[in-house]
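Trainee: I should like to become acquainted with this protein by way of questions. May we begin with the terms and then proceed to the details?

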Amino acid sequence: MEAKLEVAEREIIKPSSSAPHDRLQLSLIDVFFPKVYVSAIFFYQTVAGGESPAIISGKLKSSLSETLSRFYPLAGRIEGFSINCNDEGAVFTEARTDLLLSDFLKNNLDDTNNLGEFFPKIEPGESAGTWPLLSVKVCFFGSGSGVAVTVATSHQICDAASLLTFIQSWATVNGESNDMVMTTPHFTGATIYPPPPNSFQANSMDDISGRKGKCVTNRFVFKSSKIADLKRKAASESVPVPTRVEAITSLIWICATNASRSNSSVAAKSTLMSQAMDLRLRIPSNILSRDAIGNLQTGFFLKEGAESEMEIGNMVAKFRKAKEGVNEMIEDNLQEYKTAGAITNTTFGQNLLISVMGNYLSEVKPDVDLYAMTSWCKKPFYKVEFGWGTPVWVGSASHTVYDNTVYAVLMDSKDGEDVEAWVGLPEQDMLMFVRDQDLLTYAVLNPPVLI
């Protein structure tokens with residue numbers, strides 16, 4: 001049964017107090033990212049006889065207003081290469097369905113497009129590149145069986161860690177926890193990376209990557225026992241114990257490349273995999289706060305030629321070597337800052353841009369298949385609690401709006417042991433990808449969530 005959501009209201013929520021600063025400068029990395037929303041959907045099981053949707057919605061609006069007063073740039077508008085912190089507000093949409101939460105999760109996840117109804121609608125004139133920079137949608141399931149909260153933030157100011165920091169803060173305020181610790185966010189993107197020069201012409205990854213056309217997203221669940229088998233297969237002398245992310249990402253890259261090669265009507269292309277890395281996990285917290293907001297990422301890439309035989313042990317070894325190389329480079333560049341205890345200029349970010357992004361962009365060409373990979377594993381999405389307990393499932397719906405993106409995102413399952421991989425590929429490639437026995441030996445395609 002399809003989840004037909006009926007929108008009850010759509011309104012603008014303004015911060016409870018005025019912004020302390022008029023403008024926030026965006027960094028070169030911020031404006032480089034595509035003008036899309038980074039989002040997550042949290043599904044909660046509510047107890048029958050609890051608070052009514054009207055009361056829950058009212059509390060969410062009030063707590064959102066309070067939270068926006070601290071995350072004030074998210075209530076602003078992007079103008080050029082900065083945010084006008086004008087307290088314009090965020091969009092709050094409320095919707096309802098007669099469908100029970102348990103029925104939806106059991107019967108509707110065989111097609112990830114069924115999640116599109118939960119993504120906040122982008123009205124004419126609205127954009128992640130201008131306003132709103134934050135949009136949420138709260139959906140109530142039938143008979144008080146559950147509620148879904150979707151949070152979407154502009155990628156021009158937030159990466160996945162920033163998204164989670166905001167959601168955790170909002171949920172904490174809404175839950176009125178007795179041991180509530182208020183997050184004081186630090187918008188530090190233009191401190192690490194330099195701001196763009198006035199003459200800068202913003203070409204995002206949308207423009208740089210040559211592959212266009214409609215893509216299809218599917219969800220693959222790797223059970224912990226299968227992950228253990230995969231790690232054993234991916235082990236080598238140089239990497240005797242691969243991580244979950246190393247093994248799964250390498251497998252996805254190999255299978256996606258094989259699918260593209262099997263569908264190619266012309267000569268096979270080289271294949272390029274990029275892996276995002278969170279700087280907050282690699283820089284001491286006294287220099288870069290774990291709660292810092294912005295696109296605070298670096299990364300590495302691996303490239304294989306059109307005729308390359310991609311063996312998983314070899315790919316994992318290259319993955320580990322490239323990752324360690326970036327970590328060493330970060331460590332080398334941090335030496336001068338560890339003594340000072342703060343990053344006082346953007347030399348660090350400039351070095352990262354030159355050494356990582358410069359080399360990467362030189363390899364992104366029309367005759368190269370690009371696969372953008374990122375991992376949300378170990379990020380505590382399943383600990384977000386609005387006052388109704390922890391989520392029974394966390395999903396995504398961005399792919400239903402931006403359906404021309406080739407990507408893979410890894411997330412922990414609720415138990416923290418299994419891994420869910422959301423993979424977007426061109427339609428013709430996905431037809432081959434979902435039939436690849438090397439993949440299906442370890443992963444299950446679009447399984448239901450049982451609660």
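Mentor: Let us begin with a definition: two strands are said to pair if DSSP finds at least two bridges between them. Please keep in mind that the model is predicted.

Trainee: Which residue of β17 is the bridge partner of Thr-217?

Mentor: Strand β10 comprises residues 215–222, and strand β17 comprises residues 419–426. The two pair in the antiparallel sense over 8 bridges. Within β17, the residue bridged to Thr-217 is Gly-424.

Trainee: In strand β18, what is the bridge partner of Val-221?

Mentor: Strand β10 also pairs with β18, which spans residues 444–445. This pairing is antiparallel, with 2 bridges. The partner of Val-221 in β18 is Val-444.

Trainee: How many residues of β10 are buried?

Mentor: A residue is buried when its relative accessible area is under 20%. Strand β10 is largely enclosed by the rest of the structure, because its buried residues number 7 of the 8.

Trainee: What is the strand order of the open sheet of 6 strands?

Mentor: The pairing in this sheet is mixed. β1 (6–13) and β15 (393–395) stand at the edges with a single partner strand each, so one side of each has no neighbour in the sheet. Neighbouring strands are turned against each other by 15° on average, direction ignored. From one edge to the other, the order is β1-β6-β7-β8-β3-β15.

Trainee: Which residue of β15 stands opposite Phe-43?

Mentor: Strand β3 covers residues 37–45 and pairs with β15 in the antiparallel sense over 3 bridges. Opposite Phe-43, in β15, stands Trp-393.

Trainee: At what angle does helix α4 run to β8?

Mentor: Two helices may be described here. Helix α2 (residues 53–68) lies across β1, β6 and β7, and runs at about 165° to β6. Helix α4 (residues 160–175) lies across β3, β7 and β8, and its angle to β8 is about 135°.

Trainee: Is Gln-275 buried or exposed?

Mentor: Gln-275 belongs to strand β11, residues 270–278. Beyond its neighbours within four places in sequence, Gln-275 has contacts that include Thr-249, Phe-300, Phe-319 and Ser-375. Its relative accessibility is 6%, so Gln-275 is buried.

Trainee: How many of the 20 residues of helix α8 are buried?

Mentor: Helix α8 runs over residues 244–263 and reaches 29 Å from its first C-alpha to its last, close to the expected 28 Å. The helix is mostly covered, and its buried residues number 16.

Trainee: What is the relative accessible area of Val-245?

Mentor: Val-245 is found in helix α8. Leaving aside neighbours within four places in sequence, Val-245 is in contact with Ser-250, Phe-319, Ser-375, Cys-377 and Leu-410. Val-245 counts as buried because the cut-off is under 20%, and its relative accessible area is 18%.

Trainee: What is the radius of gyration of the protein?

Mentor: The protein has 12 helices and 18 strands. The globule rule gives 22 Å for 451 residues, and the protein is close to this, so it is as compact as a globular protein of that length; its radius of gyration is 22 Å.

Trainee: What share of the 451 residues counts as buried?

Mentor: The accessible surface comes to about 18800 Å², with 50% belonging to carbon and sulfur atoms. Among contacts with a separation of 6 or more, 81% are between residues 24 or more positions apart. The buried share of the residues is 56%.

Note on methods: Residues are numbered from 1 along each chain as its sequence is written. This is a predicted model: local features need pLDDT of at least 70, side-chain atom pairs count only at pLDDT 80 or more; totals for chains, interfaces and linings use all residues. Side-chain values use heavy atoms; hydrogens and water are left out. Helices (H or I, at least four residues) and strands (E, at least two) are DSSP runs, numbered from the N terminus. Axes are lines fitted to C-alpha atoms, for helices over the stretch in contact, and angles run from 0 to 180 degrees between N-to-C directions. Contact means heavy atoms within 4.5 Å. The radius of gyration is taken over C-alpha atoms; the globule rule is 2.2 Å times the number of residues to the power 0.38. Buried means under 20% relative accessible area, exposed over 50%, partly exposed in between (1.4 Å probe, protein chains only). Accessible areas come from the Shrake-Rupley method with a 1.4 Å probe; for residues, only the protein chains shown count as cover. The expected span of a helix is 1.5 Å times one less than its number of residues.
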